[in-house]
Amino acid sequence: MKTLRRLCLAALLAAPLAGAATARDLTIVAGGGPLQEHMRTTLFAPFAAANNLRVADTAYDYNIGPIRAMVQARNVTWDVVMVEAPDLVQGCEDGVFERIDWSVVDRGKFLPGGAVTCGAGAIGWGVTMFHDQARNPAGPTTYAEFWDVQRFPGKRALRRGARITLEIALMADGVPASDVYRVLATPEGQRRAFAKLDALRPNLMFWSGGQQPLELVNAGEVAYAVGFVGRVTNAIRAGARYSLNWGTLLYAYDFWAVVRGSPHAPQAMRMIQFITDPGPLLELTKLWPINPVTAAVATNAEVRARNPLMMSNHVDQGLNISTEFWIENGPELERRFAAWLNR
């Protein structure tokens, strides 16, 4: 009996230690790939060291469905997440994300539009058309030419999703960038976009991960692709012979958000403050041509001169992806696109 009591007492004493050992780390989630590897060394690890915290990071495909599920189940395993603007605004309204604590995060350091109720500006991102000049010395320079398989034969790659893809289809059909959202908001404009995709479908492949279009082009599986600016320009810096067409740029902001119900919410707010500060971000710009939403870095003359392929130098040639449009029309258009894709 004494032995049994000693075992029970030992178990009770060990229980808090076991709980402490299994308590999860503060977890930050972004889009993965080389950019996240650089973020880990310049942003995440320095924050962890400065605050004596354990920080883990993982990647996702920007689908916030799993985040909604963990919030609804009250089993939140992610804390800080990089989110696209329409998903951030909708998620904020639906209670998926916490309101940013602006007493911790300095909202004055962001570019206009970079500080919103549930999000602090992370990076600007965009997509452009590109191809491998070693395989195809000449290639399309406009979306209308991207559709011209007679003049430029070969497979094409577009993003798997309505957002970005439908805008591109309308521009390929002759709609000026300034009119894209006015046209796409109409039933006729939507029919026009899907009809344009129909015309190219035999020559189309779709990607979901950011590295995929580069892999498809490098392997010769597609001749021409639309891909993320950061990944394409970083490949060019590493020696790839890609032709990148700034006149085909579509761009937007991503935001850092805190998942509603995070047990690490106070630390998460401090982390957002740290990783959006100029010092850590300047270190990141030495490794990757990012486009931070922190004004002091985005407008830094040295940074922009060092990164001539930095998107910030070319946004005047591009189409700003409309957050408002995709909040209002996104669910229905994404359903239609999924149905079209699975026909």
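Helices (H or I, at least four residues) and strands (E, at least two) are taken as DSSP runs and numbered from the N terminus. The structure described here is a predicted model.

## Enclosed cavities

A search of the whole structure finds 2 cavities of 30 Å³ or more. The largest cavity is lined by Glu84, Ala85, Pro86, Trp125, Arg163, Ala252, Tyr253, Asp254, Ile321, Ser322 and Thr323. Two elements, α4 (85–93) and β9 (242–258), each supply at least two residues of this lining, and β9 gives the most, with 3 residues.

The second largest cavity is bordered by Met39, Leu43, Gly121, Ala122, Ile123, Trp256, Ile275, Thr276, Leu281, Leu284 and Thr294. Here α2 (33–51), β5 (119–132) and α12 (278–285) each contribute at least two lining residues. The largest share, 3 residues, comes from β5.

## Open pockets

The largest pocket is lined by 45 residues, and those nearest its centre are Asp61, Tyr62, Glu84, Arg159 and Arg163. Two or more lining residues come from each of α2, α3, β3, α4, β5, α10 (229–237) and α15 (323–341). Among these elements, α15 provides the largest share, 5 residues. Glu84 and Arg163 are also named in the lining of the largest cavity.

The second largest pocket has a volume of about 430 Å³. Of its 25 lining residues, Pro112, Tyr251, Ala252, Tyr253 and Asn320 are the closest to its centre. At least two lining residues are supplied by each of α4, β9, β10 (291–292) and α15, with β9 giving the most, 4 residues. Ala252 and Tyr253 also belong to the lining of the largest cavity.

The volumes and the residue classes of the linings are set out below.

| Space | Volume | Nonpolar | Polar | Charged |
|---|---|---|---|---|
| Largest cavity | about 60 Å³ | 6 residues | 2 residues | 3 residues |
| Second largest cavity | about 50 Å³ | 8 residues | 3 residues | no residues |
| Largest pocket | about 1,100 Å³ | 20 residues | 15 residues | 10 residues |
| Second largest pocket | about 430 Å³ | 15 residues | 8 residues | 2 residues |

## Helix burial and packing

Helix α6 (residues 162–172) is mostly covered, with 11 of its 11 residues buried. Its buried residues include the charged Arg163 and Glu167, along with Ile164, Leu166, Ile168, Leu170 and Met171. Arg163 is one of the residues nearest the centre of the largest pocket. Just after α6, Gly174 takes a positive phi of about 100°.

Helices α2 and α11 (residues 265–275) pack with their axes 10 Å apart, at an angle of about 125°. The pair is therefore oblique, because the angle lies outside the range of 65 to 115 degrees for roughly perpendicular and is not over 145 degrees, the limit for roughly antiparallel. Their crossing is right-handed.

## Positive phi outside glycine

Tyr62 is not a glycine, yet has a positive phi of about 70°. This residue lies in the loop between β2 (55–59) and α3 (65–72). Its relative accessibility is 21%, so Tyr62 counts as partly exposed; the class of buried residues requires a value under 20%. Tyr62 is also among the residues nearest the centre of the largest pocket.

Arg74, likewise a residue other than glycine, has a positive phi near 55°. Arg74 is placed in the loop between α3 and β3 (80–84). With a relative accessible area of 80%, Arg74 is exposed.

Definitions and conventions:
Residues numbered from 1 in each chain as written. Predicted model: local features only at pLDDT ≥ 70, side-chain atom pairs only at ≥ 80, totals over all residues. Heavy atoms only, no water. 1 Å grid on protein atoms, 1.4 Å probe; cavity = no way out; pocket = protein on both sides within 12 Å on 5 of 7 lines; lining within 4 Å. Points joined across faces, edges and corners; volume = space filled by probe spheres on them. Buried < 20%, exposed > 50% of the residue type's maximum accessible area, 1.4 Å probe, protein only. Axes fitted to C-alpha atoms, helices over the stretch in contact; angles between N-to-C directions. Parallel < 35°, antiparallel > 145°, perpendicular 65-115°, else oblique. Left-handed = near helix turned anticlockwise from the far one by under 90°.
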